[in-house]
Amino acid sequence: MGKEKSKSGPLARRPDNSAFKQQRLPAWSPMLTASTVLPFFYLLALICMLLGVWLLLTVQRTQEIKVRDSRLQGNLPRERQRKDLSDPSDPKDLFYLSSLENFHQNLRRYMDSRDDGQMVGRKRSLKSPSSYCKPFDFDANGVPIAPCGAVANSMFNDSFLLTYYTINGPSVVPLLRKGLTWYTDKNIKYRNPKADNQTLAEVFEGTTQPSFWQKPVYRLDPFDPSNNGFINEDLIVWMREAAFPNFKKLYGILYRANKPYTNGLPAGNYSATISYNFPVQYFRGRKELVLTTVSWFGGQNHFLPIAYLVTSSLILLTAVVLTGVWWKFGKDGKNMAE
Amino acid sequence: MTDRHRLAVFMEITQACSRGQLQQGKPRRGPRKRWHSGKESPTLDNRIKTSKYNIFTFLPVNLFEQFQRVANAYFVVLLILQLIPEISSLSWFTTVVPLVLVLVITAVKDATDDYFRHKSDQQVNNRKSQVLIRGSLQKEKWMNVRVGDIIKLENNQFVAADILLLCSSEPYGLCYVETAELDGETNLKVRQALSVTSDLGDVSKLHDFDGEVICEPPNNKLDKFTGTLNWRGNKYSLDNEKILLRGCILRNTEWCFGMVIFAGLQTKLMQNCGKTKFKRTSIDKLMNTLVLWIFAFLICMGVIMAIGNTVWEIWVGRSFEMFLPWAEFQSSAVFSGFLTFWSYIIILNTVVPISLYVSVEVLRLGHSFFINWDVKMYNSQTDTAAVARTTTLNEELGQVEFIFSDKTGTLTENIMVFNKCSINGTTYGDVYDEFGHRVEITEKTACVDFSFNLLSDGSFKFYDNTLVEAVKQKDPAVHEFFRLLALCHTVMPEESEGKLVYQAQSPDEGALVTAARNFGFAFCARTPESVTVCEMGHAVTYQLLAILDFNNTRKRMSVIVRDEEGRIKLYCKGADTIIFDLLDPSSKDLVYTTSEQLNYFAGEGLRTLALAYKELDEEYCDVWMKKFLFLSSVLESREDQLAALYEEIEQGMKLLGATAIEDKLQEGVPETISRLNLADIKIWVLTGDKQETAVNIAYSCNMLRDDTTEVFVVSGHTLMEVQQQLRRAKEHILSLSRVSDTGDDEKNDMYGDDSVFEEAIIAEYALVINGHSLAHALEPPLEVLFLDLACLCKSVICCRVTPMQKAQVVELVRRHKRAVTLAVGDGANDVSMIKTSHIGVGISGQEGMQAVLASDFSFAQFRCLQRLLLVHGRWSYFRMSSFLSYFFYKNFAFTLVHFWYGFFCGFSAQDVNDQNSLRHPSLYKSGQSHLLFNKRQFFLCTLHGITTSFLLFFVPYGAFSVMVKEDGSQLSDQQTLAVTIATSLVIVVSVQIGLDTHYWTGVNHLFVWGSLTMYFVVLFAMQSDGLFGIFPNTFSCVGASRNCLSETSVWLVILLTTAVCIVPDLFIRSIRVNLFPTQTDKLRRLQQSRKKQRPQEQNLRRVRRTSSRRSAYAFSHQQGFGELITSGKNMRANRISSTCSYERTAPSSNFIDNVIKRTNAVSCVSFGSPNKHQSNTE
């Protein structure tokens, strides 16, 4: 009320004299002067340099073995190799990664060909998959496919087995096939349809498996019934589509509860047994098995440390140029003279 | 209505008048036709319409207009594309929602604008006027007035339509009108009815009036009218002197009757209004071009993508078909490529997101609010704040190169003030303190107390007490001085509300007579043969023997009077140069001192007049009077002979002194003009007023100075003359500048082009051109020459121009110069100019509102213009440019950025504070040359954006292609990559905006940090469990950011990306600031170092002129009223002030009438007294 009253005087239309309306807000106006820019450049160069060196040292400690051969394409399931993969100082896990090349998981039509509503366990979507899944939504008889879509249909289904040749004879290296996924994927994004006192097979009744699959979705893991259906970890890993045509997917983690694997793989002879299911020759692709250790900053990645070092030296170079320029021209501020 | 007494008005359709032909559809070479515009054409009412839409046409018309914008059409095409599911890569509502939003916002704005136009139309249309219907006067709305109606006007009313004056309350059917609204002239004009109709001043007689008017078709010539009146079998020719035009104000006349000839849109005022154009800023146009380019770019990208896709499908996709079979319709790789093309067009459309347009509009709206809020553009006297009436032109304010200004009411207040005088060698008017120093006169300076004088005018202000003392001490020279002022003029006295009011033909005269009145010599009454002056309280009547009237060659006027003692005196006032030649040699010393003082007055920018008198002996006077009377009846070359006779008697006068009148400029005008000049803005004055006045005002407001090398006056009457004058002036300038740099002769020859010279000219020139010359100069063969010359001159003054010519001048500059023009004016005569220019500014707070209604910006005083241009304009332009550069940068950097981000960027650019903007007008120049945002700038920021996007993509690519997450789970999936790139992008552009921000206020911090926070909030919200739970297919990225942003390596990638993107830019910036600082940079540094010091106020006040350039008189440009007075035509009864009595009996029937009338108003039978009839009828 008081405000309205004050507005009725002879100066009723006088604008408010507030700092905002008069554009007089207190302001900090920084300037790009030599004294601010040069220290910043040098500091940035130093930081990048230190980060680069540190990353490089870290990366050097990670180890990686690639079992990569054209023979993986053919029918040579056995491969014998001698390699020392143990690093007692690094207690980190050792990972099995399956790597695919030239597989375009990032194609737009491919990526869209899935039904997240189905995979989160919606009953309605289970029986009537989204049209995005075409032509993998219904089979020839009109039975809905679960999980539908091109992504699920082309799921990677090779299996690896690593054998360690000790003095006592060959022993299969124990492998953890769980904990491969993000927590959110396993617990939120993928859910099986709710089943009250029904077995998984009953829940999925009325649907059929994708045409490329050898077994239905509720029987993907013969050993662990809780790892079946849409929450099968291999399925989840596959469904997280890679950004580039060459990609690696986590296959398993070395189980280190028992000797001699408590410190990773001991040095010795190993062989990898690969059951070949996933054909790559159609798309001129290649497969790889990668065994790697990781550091705090992930797997073996030389790009980042090198990039940091290069950036650092470039910044240093510009800083030096800038210093020279400033020394020669701008020091006495004569360019600034009016 | 049917009974309405309506007369016939015919318009002649001749070959020359295309308008009539068009309406009639007559063949071009047809015979002379009469076009009846009375009863048969009901459309010819007085309604005016400036609005664009009505309720039904609004939607289609408005939509049609909006889709003419390239961008809007483009989005509709996109929308259609997105509706095709096979190629749609984004859902259709991503386009439709913002598009509808934009359309709705624009439509609402247009609707509001039009609503206000409707309202103002309605207000004008609903004004009441009295129309003669069924033999009696009835109130009728303006819009219902028809052609042929007879209407009655009263004093101080606006004339409703173009009417033929039939009769008036004044004798001889005279009436006075003020035409300031029409042509900017301030002196009253006389209009006289035909003598046959002047005694129709009675409703019943008017009812019987059945004249027929044949006239020319509607046109926009204000000073010409031809037609004939057929009445009772006679033909009477009609000219402009018998016509009252719409927009005039009736003054000094109690009432008058007129017959409507042109109504509504056919009136000369409306014909002069020009067309309302849809105004667009140059940045708008540039943006349109850029959108087209970007569209071309998009198509290129799409084609590249399509070819890529085709090749890929053939080489890779075919083998991949097992996992992803082609759809049925996708029969071939080529077709797939074709579809890909369209999909990419859609995906990449965010390069020109619709948010650009929304943001630009929002930004402009914000600026408009800042303009409305600016307390420094608020005028407390009239309680008017600046109003941005159009919200789409703000940034153009920062690019103005030409200002076209009206004079009256815009530069000047249209008030004449008696400021100083010199009497017998002593100057009065300055105030001195006790030490003898001159004191600047301000509002607070004590005024002289005129309470001793009962007749004084309260509004008159004078500050020098010594003059009053001199009057009180009966200094004979001072008394004679004021007696002269009270006698020698053509002012008419009038009594209104018990007070004496003067009606002067020109405001100068009014000021002089008012001054005399306040100093005790009040002019009270006049008859054709006498003048009554109340001298120091005593009424004295002088017998008026002759008025030697003013004209342009004489530049003086005199009166010959006989005082009560029988002495005969001649009083003369006029231009000093003329008067000094006519003086008695005995005044030689006085001439010398007065001349000095006149120089001083002129130096102050005052208008001066010299005053002289002479005593005549009886016999000489008798002889002279005989000659005078004889000459009055002579018909041949009467003018010349009279002039010679006048000159004969005006010899050997004694100098009394001089007066100095201030044509009061509006506050701060000279400072504003000098400041705008410093900003390289050319100011042209276009006025309907006469040359003398205009030039004088130009001097006093610093447009012309004494150091102006030469002022060219173009006043030719024929095409050839004008051409010659223009050419000579141009050659003069060019030859001088050639001489001045003789050393560079070869260079000059090499360029040969005149435009190169423009910069080289150091000397200052000015051009003064008259209306009739301008008419020739604006014709196609001369217009380029005229423009060249005008642009070589520093100031251009066009006098006596019609409203349409004003618009033509503006149009000429617009067409040939590609510069942003701004027109500022206050009256209806400026409307066309305001509409034609890029930016129209109306001065509000005056009487008429037409200018304001047609304008884009309005405020109360001219001085606000500097703030509007130099502060708001510059900031707007700067902000808009920064915003656009940044926006394009951002969009090219990564087309998929959330669109809210663009909204706040505009707030981040304010580089130099307002005081410094005003103190350094040269900062403004960058806008004129479109320095801050042009195509080059666009390419640079596009390039910058592309580079950034390249880095933004490939750094994470390099890092991710071999990356494994810490817990072994994969990190190179598409969603993680998207989150990383988006986060890097947001951080990079935030840092970039930080670098672009010169002025960090709380708002900036709020928005920059707020937007970063917003980004993360929205990111996490979009990927939250809840949203996924509801729409699993839409928000399928659940958990991506949670998983990837918790990773150290992701942050390392982001850090690296940011560093790599920012450092090159920072490097270039600091190199530029250090090596090639712009003026802004310099000033910012200065501003920083001087932060604590208050900036001293720059002294831009008017430099005192030293030379003897004096401006004389501002009487009328025409013959004065002298003849009217001596003939007694304009005398009216009740003008006699009651304070003065009539001792003398004037031998005039008129005067006797007056006396009788005073005693018995009803039974009056004077020839010019329609009062009786009126009182009967009413």
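**Exercise 1.** In this predicted model, state which helix of chain A holds A:Lys123, and classify the residue as buried, partly exposed or exposed.

*Solution.* Step 1: A:Lys123 is found in helix 5 of chain A, which covers residues 123-127. Step 2: the relative accessible area of A:Lys123 is 49%. Step 3: exposed requires over 50% and buried under 20%, so A:Lys123 is partly exposed. Step 4: A:Lys123 also belongs to a positive surface patch, together with A:Lys127, A:Arg191 and A:Lys194.

**Exercise 2.** Find which residues of chain A UniProt lists as "transmembrane region", and give the helix content of each span.

*Solution.* Step 1: the unreviewed UniProt entry lists residues 40-59 and 306-327 of chain A. Step 2: residues 40-59 are 100% helix, with end C-alpha atoms 28 Å apart. Step 3: residues 306-327 are 100% helix too, and their end C-alpha atoms lie 31 Å apart.

**Exercise 3.** Do the same for two of the spans listed for chain B, residues 67-84 and residues 1050-1068.

*Solution.* Step 1: both spans are among those that the unreviewed UniProt entry gives as "transmembrane region" of chain B. Step 2: residues 67-84 are 78% helix and 0% strand, and the end C-alpha atoms are 22 Å apart. Step 3: residues 1050-1068 are 100% helix, with 28 Å between the end C-alpha atoms.

**Exercise 4.** Describe the nonpolar surface patch that contains B:Ile307.

*Solution.* Step 1: the patch consists of B:Ile299, B:Val303, B:Ile307, B:Val311, B:Ile314 and B:Trp315. Step 2: together these residues have about 540 Å² of accessible area. Step 3: B:Ile307 sits in helix 8 of chain B, residues 282-317. Step 4: with a relative accessible area of 52%, B:Ile307 is exposed.

**Exercise 5.** Which residues does UniProt list as "binding site", and how far apart are their C-alpha atoms at most?

*Solution.* Step 1: the unreviewed entry lists B:Asp406, B:Thr408, B:Asp826 and B:Asp830. Step 2: they span 425 residues in sequence, but no two of their C-alpha atoms are more than 10.6 Å apart, so they gather at one spot. Step 3: B:Thr408 is in the loop between strand 16 and strand 17 of chain B, and is buried at 7% relative accessibility. Step 4: B:Asp830 lies in the loop between strand 34 and helix 26 of chain B; this residue is buried, at 0%.

**Exercise 6.** Identify the salt-bridge partner of B:Asp406 and locate both residues.

*Solution.* Step 1: the side chain of B:Asp406 meets that of B:Lys806 in a salt bridge, with an N to O distance of 3.2 Å. Step 2: B:Lys806 is in helix 25 of chain B and B:Asp406 in the loop between strand 16 and strand 17, so the pair ties together parts 400 residues apart in sequence. Step 3: both B:Lys806 and B:Asp406 are buried.

**Exercise 7.** Work out the salt-bridge network that includes B:Glu480.

*Solution.* Step 1: B:Glu480 pairs with B:Lys569 at 3.0 Å, N to O. Step 2: this pair links helix 12 to strand 27 of chain B, 89 residues apart. Step 3: B:Arg483 pairs with B:Glu535 at 2.8 Å. Step 4: B:Arg483 is in helix 12 and B:Glu535 in strand 24 of chain B, so the pair ties together parts 52 residues apart in sequence. Step 5: relative accessible areas are 8% for B:Glu480, 7% for B:Lys569, 14% for B:Arg483 and 11% for B:Glu535. Step 6: B:Glu480, B:Arg483, B:Glu535 and B:Lys569 are linked in a network of salt bridges.

How values were computed
Residues numbered from 1 in each chain as written. Chains lettered and ligands numbered in written order. Predicted model: local features only at pLDDT ≥ 70, side-chain atom pairs only at ≥ 80, totals over all residues. Heavy atoms only, no water. Patch = residues over 30% accessible without salt bridge, like charges linked within 9 Å, V, L, I, M, F, W, Y side chains within 5 Å. Areas by Shrake-Rupley, 256 points an atom, 1.4 Å probe, with all protein chains shown as cover. Salt bridge = Lys/Arg side-chain N within 4 Å of Asp/Glu carboxyl O. Lys, Arg positive; Asp, Glu negative; His and termini not counted. Charge placed at Lys NZ, Arg CZ, Asp CG, Glu CD. Helix = DSSP H or I, 4+ residues; strand = E, 2+ residues; numbered from the N terminus. Buried < 20%, exposed > 50% of the residue type's maximum accessible area, 1.4 Å probe, protein only. UniProt positions renumbered as here; feature names shortened; annotations may be inferred.
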